[in-house]
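Let's walk through this one together, question by question. Have the sequence and the 3D view open while you read.

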Amino acid sequence: MKFETPATTNPIDQLKVVGKPTSRIDGPLKTTGTAPYAYERHDVAPNAAYGFVVGAGIAKGTIASMDLRAARAAPGVIAIVTARNAGKLGKGNFNTAKLLGGPAIDHYHQAVALVVADTFEQARAAAQLVRVQYTRAAGKFDLAAQKGSAAIPKGSEVGGSSQSKVGDFDHAFAEAPVQFDGTYTTPDQSDAMMEPHASIAAWQGDKLTLWTSNQMIDWSVGDMAKTLGIPKANVRLVSPFVGGGFGGKLFIRADALLAALGARAAQRPVKVALQRPLIANNTTHRPATIQRIRIGTARDGKITAISHESWSGDLPGGKPETAVGQTRLLYAGANRVTTMRLAVLDLPEGNALRAPGEAPGLMALEIAMDEMAEKLGMDPVQFRIVNDTQVDPEKPERAFSQRQLVECLRLGAERFGWSRRNARPGQVRDGRWLLGMGTAAAFRNNLLTKSAARVRLDNRGVVTVETDMTDIGTGSYTIIAQTAAEMMGVPLEKVIVRLGDSTFPVSCGSGGQWGGNNSTAGVYAACVKLRQAAAEKVGIRAQDVVFADGMIRAGEQAVALAEAAGPDGLMAEDAIEYGDLNKKYQQSTFGSHFVEVAVDSATGEIRLRRMLAVCAAGRILNPKSARSQVIGAMTMGAGAALMEELAVDKRHGFFVNHDLAGYEVPVHAYIPHQEVVFLDETDPISSPMKAKGVGELGLCGVGAAIANAIYNATGVRVRDYPITLDKLLDKLPPVA
């Protein structure tokens, strides 16, 4: 199905199942421990051996020698895989560095060996006996030190270029009556998902099956085939449940490749899970940024000039953190410059973490907006409203398909009690606590991508959906089931959803908050075909048909779906493909964040007291799971604002706090009451579902809202994340 014109009234608009707050249909499996996660599969490879990964002990250089004799002689050892005996390996399209290092080492904890043994304990013990001698080379590990050498890349994922210019920023900024110029930093951050990267590999002849934890099945099948140098048709990936990914499992990692190599060497299935320290240093992370923002306005607060420059680092061949993307679209202003510069660093690979680009970009931009509002003597909410735009500021002929940012700000301010905020920082106390409120706009683009599904109807009236879409804890199973139930006129109990298998039609996959809208639109397209087939089977014109209560009806005719299916059942397969509506209209999601904090006037200890998010993100397919996504994102934003930081050892080039003891993330006790409001919105230009995405919008801007609240509480402006108490202590107001 080609989606080329805005959606009109269709079966989804009935909203009998779609749009209802629905508990996850996979919930009972997860709460009873019976959901089959990758490493815990005992039904698929009962004779599996265990692999343990040896990571490089240097960040850059070469392997001078590797002594495997003691490891080979250890109890239970079956095989040891290294670059010397693994055969010729390629590199996937989505990997910046090789997944198996040697003799050259690209980054710390790059895999250099896999020890395979009968038990996990034997593999782990033998891995400690591998002796590797390295020749170190000088590396670059400090973004600030390499800032001067950073260059503008030839291209990037945001807007197709690393730099955009509209008007004459330099002249407009110089002439602006009110000017602001500020620099902010965000640190390296870990995806820190609960389930580690894990895979079980088994070969049957020259065909490989991987039971793995992965967000993007088709991408990873292609990269695995390319890395191993085998046909794509010879690789099958199975990933029905993913225990968190946040972007870190968009691509194959060392666990998948080494499980495959280990299984080939051992001639039996092998399972590999990356130990927690390797997740920080062996896999991907969100790279640190340095961001400079300049804003010039008229006296009335209208922006006349805005510039956002960002510096980040990655391995050779990597890409920049696209932190300037939202600044191209969020606020009006005739004269604009955005630039991304990339430095070469020898740290582990930088890549996607939930809301790449906008998450760190808004952490800077939305503080700058508050700082500028203060210079103007304007309320921060009103300053944002004054600079709203209903068209792409860089391409004014291109309107937004839907844009309710102002409504989000106004409703949020009303619901939060913003009018009670004292504009003078450091004035409100509750005993020893300094109280403050902060706000920020939320923005995330709506991304469209082809997505396919197969739908079957059997002689019991049961609808089965098959698509290689994944569920990373986001509720894919449920919204896909809701879509099929709505389209075919059956209750949820009559829908079976099968996900995460590369033998199923290729979906959009999970990432970038594109999964919900695109995957359900693919199911919609397949169901349209199935409805046509069922109607034709019973001799009813498809355009007259109504599917409801397990029946096909047209006028006086009524036939049960089970009867229409017949003994052999019916099957349909289709994909949603998009025309050029996304070129004619800018498609984005919007929101607002409001936060209240308390800061101890003596110790600088920070406590969140209230959090509110207001979201405008098209049709909300399942308000219950959507709220769960947003409050989870808000929690991640709290972590990014207050505690998350991969600490770089700038001498040796690795992340020191490479486990969940040293890398702090929020726990329940840190998070206060969270309220989420969804605006009643549909976007017919987005898809037949009239939905967008919301899973990452809840993260975008919340860190800055917290920072702004801390400033309002204390009068201390911190521009370097995370905002830890040591950055406040010597600047706090005198204790009363």
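Q: How far apart are the end C-alpha atoms of helix H12 (residues 476–488), and what span should its 13 residues have?
A: Keep in mind that this is a predicted model. Helix H12 has 13 residues, and the rule is 1.5 Å a residue, counted over one less than the number of residues. That gives an expected span of 18 Å, and it agrees with the distance between the end C-alpha atoms, which is 18 Å.

Q: Is H12 mostly covered or mostly uncovered, and how many of its residues are buried?
A: Buried here means under 20% relative accessible area. By that cut-off H12 is mostly covered, and its buried residues number 13 of 13.

Q: Which residue follows H12, and what is its phi?
A: Take a step past the end of H12 and you land on Gly489. The phi of Gly489 is positive, near 70 degrees.

Q: Which helix gives the most to the largest nonpolar core?
A: That core has 89 residues, and those with the most contacts inside it include Leu330, Leu608 and Leu642. One helix puts in 11 residues, the most of any, and that's H9 (residues 358–376).

Q: Which residues does Leu642 contact, leaving aside neighbours within four places in sequence?
A: Leu642 is one of the residues with the most contacts inside the largest core. Skipping those sequence neighbours, its partners are Ile606, Leu608, Ile706, Ile710, Pro722, Ile723 and Thr724.

Q: At what angle do H9 and helix H17 (residues 702–714) pack?
A: Residues such as Leu362 and Met363 are among those in H9 that meet H17, where Ala704 and Tyr711 are among the partners. By class, this contact has 6 nonpolar, 1 polar and 3 charged residues. H9 passes H17 in a right-handed crossing. The two axes are 8 Å apart, and the angle is about 35 degrees.

Q: Is Thr327 buried or exposed?
A: Look in the loop between strand S17 (303–314) and strand S18 (335–344) to find Thr327. Not counting residues up to four places away in sequence, Thr327 touches Ile306, His308, Arg336, Thr338 and Leu365. Its relative accessibility is 3% and the cut-off is under 20%, so Thr327 counts as buried.

Q: Is Pro567 buried or exposed?
A: Pro567 is in the loop between helix H14 (561–565) and strand S29 (570–578). Exposed means over 50% relative accessible area. Pro567 has 74%, so the word for it is exposed.

Q: What is the omega of the peptide bond from Gly102 to Pro103?
A: Most peptide bonds are trans. The bond from Gly102 to Pro103 is cis, and Pro103 sits in the loop between strand S4 (77–82) and strand S5 (104–105). A cis bond also joins Tyr721 and Pro722, with omega about -5 degrees. For Gly102 to Pro103, omega is near -5 degrees.

Q: What is the phi of His109, and is this residue buried or exposed?
A: Most residues other than glycine have a negative phi. His109, in the loop between S5 and strand S6 (111–117), has a positive one, near 65 degrees. At 10% relative accessibility, His109 counts as buried.

Q: What is the phi of Asp549?
A: Asp549 is in the loop between strand S26 (546–548) and strand S27 (551–554). With a relative accessible area of 68%, Asp549 is exposed. Its phi is positive, near 55 degrees.

Terms used:
Residues are numbered from 1 along each chain as its sequence is written. This is a predicted model: local features need pLDDT of at least 70, side-chain atom pairs count only at pLDDT 80 or more; totals for chains, interfaces and linings use all residues. Side-chain values use heavy atoms; hydrogens and water are left out. A nonpolar core is a set of buried Ala, Val, Leu, Ile, Met, Phe, Trp, Tyr and Cys residues joined through side-chain atoms within 4.5 Å. Buried means under 20% relative accessible area, exposed over 50%, partly exposed in between (1.4 Å probe, protein chains only). Helices (H or I, at least four residues) and strands (E, at least two) are DSSP runs, numbered from the N terminus. Contact means heavy atoms within 4.5 Å. Axes are lines fitted to C-alpha atoms, for helices over the stretch in contact, and angles run from 0 to 180 degrees between N-to-C directions. A crossing is left-handed if the near helix is turned anticlockwise from the far one by less than a right angle, and right-handed if clockwise. Ala, Val, Leu, Ile, Met, Phe, Trp, Tyr, Cys and Pro count as nonpolar, Asp, Glu, Lys and Arg as charged, and the others, Gly among them, as polar.
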